[in-house]
Amino acid sequence: MAGSAARGRAATVNGRPGVISWNEDGTPLSLLAFTVADGLITEISAVVDPSELALLTLSGPR
(Lines give C-alpha, C1' and ligand atoms only; values in the text may rest on other atoms or scores of the structure.)
Protein backbone atom coordinates (compact mmCIF):
# COMPACT_ATOMS: atom_id res chain seq x y z
CA MET A 1 0.00 0.00 0.00
CA ALA A 2 3.02 2.26 0.11
CA GLY A 3 2.58 5.23 -2.16
CA SER A 4 -1.15 4.72 -2.59
CA ALA A 5 -3.80 7.20 -1.57
CA ALA A 6 -6.21 4.81 0.15
CA ARG A 7 -9.06 6.25 2.18
CA GLY A 8 -10.65 4.55 5.16
CA ARG A 9 -13.26 5.04 7.83
CA ALA A 10 -14.54 3.37 10.96
CA ALA A 11 -17.38 0.89 10.50
CA THR A 12 -19.42 -1.68 12.34
CA VAL A 13 -18.80 -5.12 10.86
CA ASN A 14 -21.27 -7.79 11.98
CA GLY A 15 -21.67 -5.89 15.25
CA ARG A 16 -17.92 -5.53 15.77
CA PRO A 17 -15.80 -2.39 15.45
CA GLY A 18 -13.91 -2.25 12.18
CA VAL A 19 -12.33 -0.25 9.37
CA ILE A 20 -13.10 -0.19 5.66
CA SER A 21 -10.60 1.29 3.20
CA TRP A 22 -10.90 2.12 -0.50
CA ASN A 23 -8.52 2.73 -3.37
CA GLU A 24 -8.42 6.14 -5.06
CA ASP A 25 -10.84 4.86 -7.71
CA GLY A 26 -13.45 3.96 -5.06
CA THR A 27 -13.01 0.18 -5.18
CA PRO A 28 -12.78 -1.57 -1.79
CA LEU A 29 -9.22 -2.23 -0.65
CA SER A 30 -9.67 -3.94 2.73
CA LEU A 31 -12.10 -4.70 5.51
CA LEU A 32 -10.89 -5.21 9.08
CA ALA A 33 -13.05 -6.33 12.01
CA PHE A 34 -11.88 -6.36 15.62
CA THR A 35 -12.95 -8.61 18.47
CA VAL A 36 -12.69 -6.69 21.73
CA ALA A 37 -12.72 -8.24 25.21
CA ASP A 38 -12.21 -6.28 28.42
CA GLY A 39 -11.22 -3.22 26.39
CA LEU A 40 -8.47 -5.05 24.47
CA ILE A 41 -8.36 -6.17 20.85
CA THR A 42 -8.12 -9.97 21.02
CA GLU A 43 -8.62 -10.81 17.34
CA ILE A 44 -8.41 -9.07 13.98
CA SER A 45 -10.20 -10.47 10.94
CA ALA A 46 -9.19 -9.15 7.54
CA VAL A 47 -10.66 -9.40 4.05
CA VAL A 48 -8.27 -8.14 1.36
CA ASP A 49 -9.08 -10.41 -1.61
CA PRO A 50 -10.74 -8.22 -4.27
CA SER A 51 -13.07 -11.05 -5.38
CA GLU A 52 -14.27 -11.54 -1.78
CA LEU A 53 -14.67 -7.79 -1.23
CA ALA A 54 -16.79 -7.61 -4.41
CA LEU A 55 -19.30 -10.01 -2.82
CA LEU A 56 -19.86 -7.74 0.20
CA THR A 57 -22.35 -4.90 0.43
CA LEU A 58 -20.19 -1.95 1.47
CA SER A 59 -21.19 1.69 1.56
CA GLY A 60 -18.84 3.80 -0.52
CA PRO A 61 -16.14 6.14 0.70
CA ARG A 62 -17.14 9.59 1.89
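**Exercise 1.** Where is the place of G26? Classify its exposure.

*Solution.* The model is predicted.
Step 1: Find the flanking strands. G26 sits in the loop that joins β2 (16–22) to β3 (28–37).
Step 2: Read the accessibility. G26 has a relative accessibility of 29%.
Step 3: Apply the cut-offs. Buried means under 20% and exposed means over 50%. G26 is therefore partly exposed.
Step 4: Check a contact in space. A6 is 20 residues from G26 in sequence, and their C-alpha atoms are 9.0 Å apart.

**Exercise 2.** Describe the largest pocket and its lining.

*Solution.*
Step 1: Take the volume. The largest pocket holds about 230 Å³.
Step 2: Locate its centre. The lining has 17 residues, and V13, N14, L31, L56 and L58 are the closest to the centre.
Step 3: Assign the lining to strands. At least two lining residues come from each of β1 (7–13), β2, β3 and β4 (40–47). β1 contributes the most, with five residues.
Step 4: Sort by chemistry. Ten lining residues are nonpolar, five are polar and two are charged.

**Exercise 3.** Which residues make the nonpolar surface patch of about 280 Å²? Explain why V36 can belong to a patch.

*Solution.*
Step 1: Name the members. V36, I41 and I44 form the patch.
Step 2: Place V36. This residue belongs to strand β3.
Step 3: Check its exposure. V36 has a relative accessible area of 45%, so it counts as partly exposed.
Step 4: Compare with the patch cut-off. Patch residues need over 30% relative accessible area. V36, at 45%, therefore meets that condition.

Notes: Residues are numbered from 1 along each chain as its sequence is written. This is a predicted model: local features need pLDDT of at least 70, side-chain atom pairs count only at pLDDT 80 or more; totals for chains, interfaces and linings use all residues. Side-chain values use heavy atoms; hydrogens and water are left out. Helices (H or I, at least four residues) and strands (E, at least two) are DSSP runs, numbered from the N terminus. Buried means under 20% relative accessible area, exposed over 50%, partly exposed in between (1.4 Å probe, protein chains only). On a 1 Å grid over the protein atoms alone, a cavity is a set of points where a 1.4 Å probe fits but cannot get out, and a pocket is an open set with protein on both sides within 12 Å along at least five of seven lines; lining residues have an atom within 4 Å of a point. Grid points are joined across faces, edges and corners, and a volume is the space filled by probe spheres set on the points. Ala, Val, Leu, Ile, Met, Phe, Trp, Tyr, Cys and Pro count as nonpolar, Asp, Glu, Lys and Arg as charged, and the others, Gly among them, as polar. Patches are made of residues with over 30% relative accessible area and no salt bridge: like charges are joined within 9 Å, nonpolar side chains (Val, Leu, Ile, Met, Phe, Trp, Tyr) within 5 Å. Accessible areas come from the Shrake-Rupley method with a 1.4 Å probe; for residues, only the protein chains shown count as cover. A salt bridge is a side-chain nitrogen of Lys or Arg within 4 Å of a carboxyl oxygen of Asp or Glu.
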